[in-house]
Structure formats: structure tokens, C-alpha cells
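Visitor: I should like to understand how this chain is arranged, beginning with burial and then turning to the backbone. Could you guide me through the model?

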Amino acid sequence: MFSERLKLARKRSGLSLRDLSSNMNGMVSAQAIGKYERDEMMPSSSVAIALADALDVTTTYLLSPTVVSLASVEFRKLASTKVRERTMVEAAVLDHVDRYLQVEELLDIASSVWEIPDGAPYPADTVEDGEPTAARVRKAWNLGGAPIPNMTELLEEHGIKVLKLDFPRAVDGLTCFVHRSDETAVPVVVCSIGKSIERQRFTLAHELGHLVMDIPAGMPEEKICDRFASALLVPEDELVREVGRRRLDFGFGELVEIKKIFGVSAAALVIRMRDLGIIGQATVTRIFRGIGRSWRTQEPCPLTQPESPKRFRRLCLRALAEDVISESKAAELLGMRVSEIERVMVGTAD
């Protein structure tokens, strides 16, 4: 519905009703825009065009029917984030998932089913419970003991929608479920593109922990999920095979090579080795005061190959190739120019 899409686009832009009216040079009042959003009246075509221009969306986007009903979004995080920033993030998630489900509907394919690991959600009462839980997820998803080459693809393969957004700096990521009328809730994991690739991988693993564990109220939920993420990304047996069961010290070069193997930050690797008893706290302190004194703010030798969600883009290009959607619709769904879509389709894109 026009009212729903208008409200979503406005919130995604971080604009109040008064701000939007001002951006339109007072063409319509804030009160009138509020009535459009409450479906109490419809704007004229000229006003609809002006609204689209002010919100940097197409009129097609505002006027097209909503293919799916997004009833609610349940956020686990963002409690301490500013209201406007929270609203912008929520609207961005809703908007992207709405477009994702639209293209699935247009292709007449089922949304990827959330392949919850056998036995999940697993009970977790202590930080240490994150360790065996990670092992159970690896076993349920047949991951073996090797490092995970791509966390983003792993989650997408198991039915989790992965979004990467430009978050407020205070937020690394979040987990939510988008609900549709009479259908199964869609799990969504979101992380910030403003963080390092190592940090993004850890965030995705951490958020997966929230999806697969049942953590009672009052327990240290974030620490439990951190331990789960560490164990998932850096399995104990594989790490011991690389560094040995007990070490007294490490040089910079070795730590950098090991952290690249597992795709985690150097700081996370050091903490993982401490948790497994490979090194003691004295060694941790010596590393962070010496070669690792800047690691909490600057990642050494960072990973350079980003992990981008790819399934949504593939589906949009498939729908275009099969003439299910037009080039303009593909551009709208993907947030690209029509000229860019044309170059992608003929293989001349950069």
C-alpha cells in the first residue's frame, strides 16, 4: 500500500513529517503527509512525484502494491541507540526484506527455509556453554573442523537473510525476525559495513548464536554468544594443530598468519587462545602491551576480500533474464541505475 511504503521510505531516510514537508519546500504540510501515511487520503500525482524525489525513491516504488505483508520486526539490540537511528535501521531492514521477498514471490520460489540445526535452540546457562553449542552446529551443518571460508554464504545457505548496512558506529549487528501473515517468520542477521571484514565475520557468528541458543534471562547473553562465535570460527582442534597445545609467546608474523587462516581479528585470536588455555593471562597482557597495543582500534594486516550477500542479487538478475521483471524494476530492487543494470546483463560492468 502507498501509505506503508511512504512511511517506510521516510523512516529509512531518517526524516520526520516536518522534515519531509520542508524538503518539498512546503508543497504539502506535515499534517497532510501524516494523513497519507495513515491511509486517510491519497496525494495527487504531482505530490506523489515530489514525495518520491524528496525520499530518493521512484514513484513506482511508492505506488506499487506490497507483495508481502511485513507484520512486525522484533529487534534484540538497539535498546541504547538513539530513537531516530533505531527507526532508520528498522526501516532499512524492513525495506530490504520486503524487496527480497518480492523477488522470491515474482519468481514463484519459496523463501529459503530457515534450516535450524537439529536440537536447537540449545540451552546455554554459562559462557562455557557456547563452546559445545558451536560444535553441535558444526556437526548439524556438516562443517567438519576446518575454518569457515565465508560466514555470509554459510548463513544464506541455511535460510538466514543477511543484510550489510551502514549502521550507527555504536552498533555492530543485530538479529531479528520479519513476520508475514500466515507464514513462517524469516530470520534476518544484519551487520555493519563500517567494521572490518574480520569484525563482520565475528558479528555474523555472534548473531547466529542468538538464533540457535536458548539463554535464560539474567545470564551473560553477549559473552555466551561471543564464546559461541569464537568456537565456531576457530575450532579448538584445528587451532591446536596450528599453534600447539601450550605456548609461552608469539611473534607478530605468526599471529597474523594464523588469524588469516581463521578469518578473525588478531585480538579475537589472542582471546581465543587464552580461553582454551594455550596461553596464560600474562602472555595476553604482554601481547596487548607490545605487538598488539594498537589492535583494538586498528586491525593488523586486515582481510581484503569482502563477504557480500549474493543470493538476492542473483535472484533479481534471474528474474530480469526470464522477463519476469523489467530493467527499471531490477534497478529499483537492487538500488542501481538502469544503465548499470544494462552493463551487468551484457558483461561490460566494471
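Guide: A residue is called buried when its relative accessible area is under 20%, and exposed when that area is over 50%. Please note that this is a predicted model.

Visitor: Which residues of helix H11 are buried?
Guide: Helix H11 spans residues 236–243. Its buried residues are covered by elements that include helix H12 (252–262) and helix H13 (266–275). Those buried residues of H11 are Glu238, Leu239, Val240 and Val243.

Visitor: Which helix gives the largest share of the largest nonpolar core?
Guide: The largest nonpolar core has 52 residues, and among those touching the most other members are Leu208, Val212 and Leu239. The largest share of this core, seven residues, comes from residues 221–233, helix H10.

Visitor: Where is the proline that a cis peptide bond joins to alanine 120?
Guide: Most peptide bonds are trans. The bond between alanine 120 and proline 121 is cis, with omega of about 5°. Both Ala120 and Pro121 are in contact with valine 212. Proline 121 lies in the loop between helix H6 (83–106) and strand S2 (122–123).

Visitor: Is aspartate 56 buried or exposed?
Guide: Most residues other than glycine have a negative phi. Aspartate 56, not a glycine, has a positive phi of about 60°, and its place is in the loop between helix H4 (45–55) and helix H5 (59–63). Because its relative accessible area is 70% and the cut-off is over 50%, aspartate 56 is exposed.

Terms used: Residues are numbered from 1 along each chain as its sequence is written. This is a predicted model: local features need pLDDT of at least 70, side-chain atom pairs count only at pLDDT 80 or more; totals for chains, interfaces and linings use all residues. Side-chain values use heavy atoms; hydrogens and water are left out. Buried means under 20% relative accessible area, exposed over 50%, partly exposed in between (1.4 Å probe, protein chains only). Helices (H or I, at least four residues) and strands (E, at least two) are DSSP runs, numbered from the N terminus. Contact means heavy atoms within 4.5 Å. A nonpolar core is a set of buried Ala, Val, Leu, Ile, Met, Phe, Trp, Tyr and Cys residues joined through side-chain atoms within 4.5 Å. Lists of a residue's contacts leave out its neighbours within four places in sequence.
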